Amino acid sequence: MRIIRLALKHRWRVAIAFVTTIVAANFQLLIPQFLGQAVDFAHGLLAGGPGSEEEAEAALLTTAFMLLGASILRGGFTMLHNYLGESVGHLVGYGLRLAYYEKLQRLSFGFYDRVHTGDLITRGLLDLEGVRFFFNAGMVRLVLLANLIGIGSFLVISADTVLGLLALSFVPFVAWRSSTARLKLRKMWRLLQERMSELSLIMDENLGGIRVVRAFAAQDHEMGKFDIASERALDMANQRIGVRVRNTTAMTFAYFIAMGLVLWFGGLKVIDGEISVGKLAEFLAFMTILQMPVRQLGMMVNAFARASTCGARLFEVLDLEPSIRNAPDAPDLKVTDGVLRFEDVDFAYRDATGDERVLKGVNFKVGPGQVLGIVGPPGSGKSTIAHLIPRFYDVGGGRITIDGQDIRNVKLESLRRAVGVVQQDTFMFTASIENNVAYGDPWADGERIARANRAAQLHDYVNRLPMGYETLVGERGVSLSGGQRQRLSIARSVMLKPSFLVFDDSTAAIDAATEQRIRAALKDTTQDRATIIISHRLSSLMHAHEILFIEDGRVVERGSHEELIAAGGRYRELYMLQLKPADGEER
Amino acid sequence: MAPGRQSTANPDREKPPRAVVGSQVGHDEKMFGAAFDGHVVRRFAGFLVPYRRRLAVAVGSVLVYTASQISIPLVIRHAIDDALIAGSNRELLELVVMTFFAVIGVNYLTNFLQEIIVGRVAERILIDLRRAMFEHLQRVGLSFMDKTEVGRMMSRLQGDVNAMQEFLENSVFAVGDFVLLIGIMAVLLTLDWQLGLLTLSVVPILFFVRIVWLPYARKSFVRARETVSTANGALAEAIHGMRTVQGMTRETVNFDLYDEKATDNLRANLSSSRFAQVMVPIVDFLTGGAMAIVIVVGGSMVLSQRLDLGVMVAFLFYVQRFFDPIRSLTMQYSVMQRAMASGQRAFEVLDVPLDIKDKPDAQAPAEIDGSVEFQNVNFGYAPDQPVLRNVSFRIEPGETVALVGPTGSGKTSTTSLAHRFYDVWEGQILVGGIDVRDLTQASLGRHVAMVLQEPFLFTGTVFENIRYRTTEATREGVEAAARAVGAHDFITRLPQGYDTPLEQRGSNLSLGQRQLLSFARAIVADARVLILDEATANIDSHTEMLIQRALARLLEGRTGLVIAHRLATVRGADRIIVLQDGEIIETGNHDQLVEHGGLYAKLYSMNYASFDDVPDELVRQVLSSTSAT
Ligand SMILES: Nc1ncnc2c1ncn2[C@@H]1O[C@H](COP(=O)(O)OP(=O)(O)OP(=O)(O)O)[C@@H](O)[C@H]1O
Ligand SMILES: Nc1ncnc2c1ncn2[C@@H]1O[C@H](COP(=O)(O)OP(=O)(O)OP(=O)(O)O)[C@@H](O)[C@H]1O
Ligand SMILES: [Mg+2]
Ligand SMILES: [Mg+2]
């Protein structure tokens, strides 16, 4: 299993854990022998055997001390191996934690489009825990048990073959039970985990979309969804419990039967004088030692099944190769002139050709100090263009270049630092306004942050808040108005002064006056940079050097505002609509 | 590029002053408390009541099971004393062995019963508890939910509830362990009270050690839990905001910060492991000591014939078994502690007061006339920070009124109030002539449909999303609504049309498409009052015009409240209300307002003028009068 290989990174710890486990197991096995000895001493004397009472007492005393010593040593070594086992678990868990985080940071947007965040969180939380747990509950204990049984069986069988075999008769049964149960449990864990994911998804979306739920008074509807999912999960959980309980109880029962057999046949042997009472006591004591491990074996089987399920889910993510990554030896992007070019760019989110494509042969060029405007109906591909520039996705055909360098051939980090996209879908972190604005550059000083906020027309508002820049922005920015969120996200990008700035419909929730002021304030910043403005409000674009009208992923009209008006196409229609009422058709 | 940016790539940079990962909401939560909290136990008991019969059976089984556990060594003792030593009695031996088999049969049965009942009931109770919490959250006011992160709530709904399950399963076994402990003590004392007392004399040492150990261990357990929860919080945040993280190339910074949290967690975990394991040799030492006592003292008693050999053997068995329950009780102690802390947090959710709830005599009229009226409404989210001041207006049934104003002026807040997401500070809001506080929330939701400023879609198909709560809506109804908002065309072009599954929050659609779907959803709801909060902000004017045409027919006779920044959108409204800083400053239709020459006129001319070369002076003039918030 792969999990075991992970542990090999800590092979010294693992090795010491195993050695100490074995030592501890052997000390533990000594204990019944001492007990048997003691019983024999006592019994031997009673039965009128040789030796005086003093001698016997001295012998008892020695045995007692040996026993005490063995117990202490066993305890010490048990502590060591338990601790080492757990620490390997913790270390592996830590390694996995970082690897998982690191991988998530590198996986591209395409991955996040497909996967539910709740599922990723579950993997990072529960599955990681499941794998970690395996080391202390599973691996080391299994060695302990194998050892106890292995050495124990050698000892008992060499002491008395028949009785020894009887004492161990439950082992094959237990082994068979646990391996079949493991397979069953594994399947069930997988199903259970999936059903739990469904349930969390419902809860997560309900809480995330709470305003929609409330606006439609859909609480009953949501409870209905919850109940269905939770019954499904319950059903699976009950099945799992059934398997587990049947398994553990049967194992314990088998163990006790073996013990009964030892008692019976051993008793007969004692009666026949073949073995001593002490020997029998020793056998029984040996079996007592096994009681706990046998009980735990059930747990271990469960832990194994869980770990392999969880491990599989975790590795599923860890094994993904990010579809967008640096080419080997990619150089940093060098922005010299600051010219961005789209050359016959084709793109599709899914594998698709022909008309299924989202972008079809898009060409354009923006240079420093220039503004490119993009308009078009919903779903025409405007945001897609914005997403291609920082390489959130890779183009399907054609290429995108910056000063002649294909963006696929330069270092991703340098590219993304040169391109600032104010995304259409704003996301805020639960942190202070200051930290949110400085997100891209946490080293920025207060002055820079304030300047960016002033440009985005947010500074005055923030200053009027009782806590000013320290005010906490609620999750996803719930405590801000729509326009405030957009302005914060503008401030956040503008502060970085990237060479290429893309505004993706980022003033839709801002009134015209405020937008005008933002634009005026940004003039200085954007003077020597290339800017792309995607907007539905034509007043935002009309000063652009070139305006593209996109429809169905194609540039259907292009030119300056005046040219497009003169051409009398779709753009002109939009212009007329925004200029005067639409023939009294509005409600 | 600014120098600060480049420093991101510098490996031995100093720690960024303004960077954190994970929520900064203080850790107000109590991670670890007492192992026993009466309040939690009492609340929890309420959840056990429906299952009391099954639980009674379970406890009965536990008792019988424990009794059988205790009697096994006794049977062995008989075998040794009576059958083997006393007189090599074969029949007696067989009898004893039979008894042994009977005992383990009982042991097996009761073991099975207790585990299966406890396991299943625990799962059931878990579901009940989670359901109760979730249902409660459906009714908690938004002012509370705004401040609460979804992830935090989820960890209560899942992590804490699961911890309670562990507790529940363990608590029944803990009862068993406890009974076992008492039982063994009793048996030891009855077998031979002197030897018994002597053997048990090691127990106080154990308690003493534990008293010394506990405070340190607890502190270290607390840390382990705290650090894991912070690390997980940071992970959840990263997953949610990954698009922004990558867009702003924060990966390296965040990784280092996360590594710090993960390392803290690792250290805390290792130290708590050490604390947990340190008890092992101590317990073993005491076990060894107790056995040594039995051997030396018991042995000499046997020699002087004051004790049966079988009793001594039984003693040895019991001593070995005696420490098992102590060991597992030690383990359960931390489970109990965790469960109590989790229980507290779970019940905290159930205890969130419902600041907005239906009055007992709340009305749920089947029909309302569709008027909406605000009377002297004052409202704010935080005390002393009013957002709406003395807002009064009335929308007649069938009228369409537009709400305009600079960003942050309180438009969305007004619509939230009309839906009673929050309660007003002063004044009242009437829908259909009835105070919203006198209506049930369900009926308010039926009569007032909303398109929210932020579109939100659920995982599920397009069809399910448009239909949403209105499960009686037909395919035709849904398609008609989609047509009306101009979404039909793009939906049919999706791979599976209306049955295309949407990803989380509809991320496989463009924002405008998402907006159209949430618009269609509001139309399907078929309510008297329709509130559109920037429903077409991310949609081009042409599509918007088509929507408006289609809606004019569809929504004939319904009341509309429309919010838009693009003034062209609202020009046709019957009346326009202009909000500024939470106050109504103008009302009238488009022509009246333009004539009036106030804020609206200026915003409008701004919109308009911007198409010509904007005279700087006009800009300045407008800027000085519209204080954007
Ligand atoms: N949930 C909330 N908690 C705290 N403050 C809030 C919350 N929602 C809004 N606010 C604050 O209340 C004020 C009014 O916000 P509102 O959302 O009503 O504005 P708006 O007029 O809709 O603006 P926009 O046009 O930008 O959407 C803003 O200052 C905002 O920061
Ligand atoms: N992550 C995605 N996975 C699959 N399809 C997508 C994804 N994002 C967008 N699409 C599809 O690609 C097309 C173009 O989307 P895009 O977001 O570029 O539109 P847009 O022009 O920005 O629209 P809007 O004005 O609504 O923002 C749409 O048909 C949309 O459904
Ligand atoms: Mg878009
Ligand atoms: Mg708003």
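A polar contact here is a pair of N or O atoms within 3.5 Å. By that yardstick, B:Tyr381 just makes the list: an N or O atom in its side chain sits 3.5 Å from a nitrogen atom of ligand 1. All of this comes from a predicted model, so the distances below are computed from its atoms.

Start with chain B as a whole. The chain runs to 629 residues, and 60% of them are buried. Its secondary structure comes to 22 helices and twelve strands. Much of the contact network reaches a long way along the sequence: of the contacts between residues at least 6 apart, 78% link residues at least 24 apart. On the outside, chain B shows about 24300 Å² of surface, with carbon and sulfur atoms providing 57% of that area.

One sheet in chain B can be traced strand by strand. Its four strands form an open sheet in the order E2-E1-E4-E5, with antiparallel pairing. At the edges are strand E2 (385–395) and strand E5 (434–435), each of which pairs on one side only. In general, the strands of a sheet pair through backbone hydrogen bonds, either parallel or antiparallel. Strand E4 (residues 426–431) of chain B meets E5(B) in the antiparallel sense, over two bridges. One of the residues involved is B:Val431, whose bridge partner in E5(B) is B:Ile434.

Now for ligand 1. Its surroundings hold 22 residues, and the closest are A:Ser481, A:Gly483, A:Gln484, B:Thr412 and B:Ser413. Because residues from chains A and B both surround ligand 1, the site is shared between chains. Two helices each put at least two residues into the shell, namely H16 (482–494) of chain A and H12 (411–418) of chain B. Sorted by class, the shell has 13 polar, seven nonpolar and two charged residues. Besides the B:Tyr381 contact at 3.5 Å, both chains offer a serine: a side-chain N or O atom of A:Ser481 is 2.7 Å from an oxygen atom of ligand 1, and a polar side-chain atom of B:Ser413 is 2.5 Å from an oxygen atom of the ligand. Taken alone, ligand 1 exposes 630 Å², and the protein buries 89% of that.

Ligand 2 also lies between chains A and B. Around ligand 2 there are 21 residues, the closest being A:Lys382, A:Ser383, A:Thr384, B:Ser510 and B:Gly512. Helix H11 (382–388) of chain A and helix H17 (511–524) of chain B each give at least two residues to this shell. By class, the shell is made up of six nonpolar, 13 polar and two charged residues. On the chain A side, an N or O atom in the side chain of A:Ser383 is 2.6 Å from an oxygen atom of ligand 2, while for A:His536 the side-chain distance to a ligand oxygen atom is 3.4 Å. From chain B, a polar backbone atom of B:Ser507 comes within the picture too, 3.3 Å from a nitrogen atom of ligand 2. On its own, ligand 2 exposes 620 Å², of which the protein buries 91%.

Finally, a look at one residue of chain A. A:Thr514 belongs to helix H17 (residues 512–526) of that chain. Its relative accessibility is 1%, so A:Thr514 counts as buried, the cut-off being under 20%. Its side chain makes a polar contact with the side chain of A:Asp511, at 2.8 Å.

Conventions. Residues numbered from 1 in each chain as written. Chains lettered and ligands numbered in written order. Predicted model: local features only at pLDDT ≥ 70, side-chain atom pairs only at ≥ 80, totals over all residues. Heavy atoms only, no water. Buried < 20%, exposed > 50% of the residue type's maximum accessible area, 1.4 Å probe, protein only. Contact = heavy atoms within 4.5 Å. Areas by Shrake-Rupley, 256 points an atom, 1.4 Å probe, with all protein chains shown as cover. Near = heavy atom within 4 Å. Polar contact = N/O pair within 3.5 Å; in protein donor to acceptor, adjacent residues only side chain to side chain. Nonpolar A, V, L, I, M, F, W, Y, C, P; charged D, E, K, R; others polar. Pairing = 2+ DSSP bridges.
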